[in-house]
Amino acid sequence: MDAAPEPAAFRLTPAAAWSLVGAQFVFLLLLAFLPWGGLWPRDPAVVVIAIVLGAVGFGIALAAGAGLGRTLTPSPVPRADGVLVTTGVYGLVRHPIYSGLLVLGIGLAVIGASALHVIAWLGLLTVLMVKSRLEERMLLDQYADYGAYAARVGRLVPGLGRIRS
């Protein structure tokens with residue numbers, strides 16, 4: 001009796017992968033360019049908070065991208081010649097670029113002060129959660145150590161969203 005064939009590894013189609021990337025950038029552009037609202041006053045303290053959040057988020061994303069080096073790709077499909085990075089900001093969260101974009105987005109939502117900004121940030125969060133979960137299915141197939149890494153490191157926030165093996 002022949003053994004059952006191994007199931008094929010999960011892979012996103014290029015169209016699906018790039019659609020997620022496009023949606024992520026649409027939400028970031030909406031956060032940057034939607035008309036400002038008046039849900040809360042835009043006093044100097046709010047402006048400072050928004051600028052700090054934006055700068056911190058951008059810095060996290062930049063550091064995470066630099067940490068990936070040649071493995072970096074905007075697509076959620078891991079590079080075939082990539083390596084699993086688990087040090088630096090990747091020792092704190094599994095998707096620090098997404099974490100940085102979310103913090104940057106919060107800064108944009110704070111300065112925007114509108115319900116549309118809040119909705120756009122929730123849209124960004126949704127896209128990045130879907131993107132990270134699909135990406136992780138592929139990372140589990142590609143890297144033998146990914147399961148152990150995901151069990152000890154949070155998805156977007158340190159300690160939260162660990163995968164139980």
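How do the residues of the lining of the second largest pocket divide into nonpolar, polar and charged? Keep that in mind while you get oriented; the tour comes back to it at the second pocket. One note before you start clicking: this is a predicted model.

**Stop 1: helix H3**

Select residues 96–112, which make up helix H3. This helix has 17 residues and reaches 24 Å from its first C-alpha to its last, close to the 24 Å expected at 1.5 Å a residue. Turn on a surface for everything else, and look at what is left of H3. Twelve of its 17 residues are buried, so H3 is largely enclosed by the rest of the structure. To colour the buried positions, pick Pro-96, Tyr-98, Ser-99, Gly-100, Leu-101, Leu-102, Gly-105, Gly-107, Ala-109, Val-110, Ile-111 and Gly-112. Now show the neighbouring helices: the buried residues of H3 pack against H1, H2 and H4.

Before leaving, step just past the end of the helix to Ala-113, where phi is positive, at about 50°.

**Stop 2: Ser-99**

Go back into H3 and centre the view on Ser-99. Is Ser-99 buried or exposed? Its relative accessibility is 9%, and because the cut-off for buried is under 20%, Ser-99 counts as buried. Leaving aside residues up to four places away in sequence, Ser-99 touches Val-93 and Leu-156. Show those two side chains and keep them on, as Leu-156 returns at the next stop.

**Stop 3: the second largest pocket**

With Ser-99 still in the centre, display the second largest pocket, which holds about 240 Å³ of space. There are 16 residues lining the second largest pocket, and those closest to its centre are Ile-60, Ser-99, Val-103, Leu-156 and Val-157. Two or more lining residues come from each of H2, H3 and H4. H3 gives the most to this lining, with five residues.

Colour the lining by residue class and you have the reply to the opening question: 14 nonpolar, two polar and no charged.

**Stop 4: the largest pocket**

Now switch to the largest pocket, with about 590 Å³ of space. It is lined by 32 residues, and the closest to its centre are Leu-68, Leu-72, Thr-73, Tyr-90 and Ile-97. Select those five to find the middle of the pocket. Next, show the elements that each give two or more residues to the lining: helix H1 (14–33), helix H2 (44–68), H3, helix H4 (115–142) and helix H5 (146–152). Which element gives the most to the lining of the largest pocket? Here too H3 is the answer, with five residues.

Use the residue-class colouring once more. The lining of the largest pocket has 23 nonpolar, five polar and four charged residues.

**Stop 5: salt bridges**

Hide the pockets and look at charged side chains. The structure holds four salt bridges, and this tour visits some of them.

Begin with Arg-155 and Glu-136, whose closest N and O atoms are 2.9 Å apart. Arg-155 is in the segment after H5 and Glu-136 in helix H4, so this bridge links distant parts of the chain, 19 residues apart. Are these two partners buried or exposed? Arg-155 is buried, with a relative accessible area of 9%, and Glu-136 is buried as well, at 2%.

Now move to Asp-81. Its side chain meets that of Arg-79 in a salt bridge of 3.1 Å, N to O. Asp-81 also meets Arg-70, at 3.9 Å, N to O. Arg-70 and Asp-81 both lie in the loop between H2 and H3, so this pair ties together parts that are eleven residues apart in sequence. Asp-81 is partly exposed, with a relative accessible area of 41%, and Arg-79 counts as partly exposed at 32%. Show all three side chains together, and you can see the network that shared partners make of Arg-70, Arg-79 and Asp-81.

**Last stop: Val-26**

Finish in helix H1, at Val-26. Val-26 is partly exposed, with a relative accessible area of 46%. Draw a distance from its C-alpha to that of Ala-120: the two are 94 residues apart in sequence and 9.1 Å apart in space.

Technical notes: Residues numbered from 1 in each chain as written. Predicted model: local features only at pLDDT ≥ 70, side-chain atom pairs only at ≥ 80, totals over all residues. Heavy atoms only, no water. Helix = DSSP H or I, 4+ residues; strand = E, 2+ residues; numbered from the N terminus. Buried < 20%, exposed > 50% of the residue type's maximum accessible area, 1.4 Å probe, protein only. Contact = heavy atoms within 4.5 Å. 1 Å grid on protein atoms, 1.4 Å probe; cavity = no way out; pocket = protein on both sides within 12 Å on 5 of 7 lines; lining within 4 Å. Points joined across faces, edges and corners; volume = space filled by probe spheres on them. Nonpolar A, V, L, I, M, F, W, Y, C, P; charged D, E, K, R; others polar. Expected span 1.5 Å × (residues − 1).
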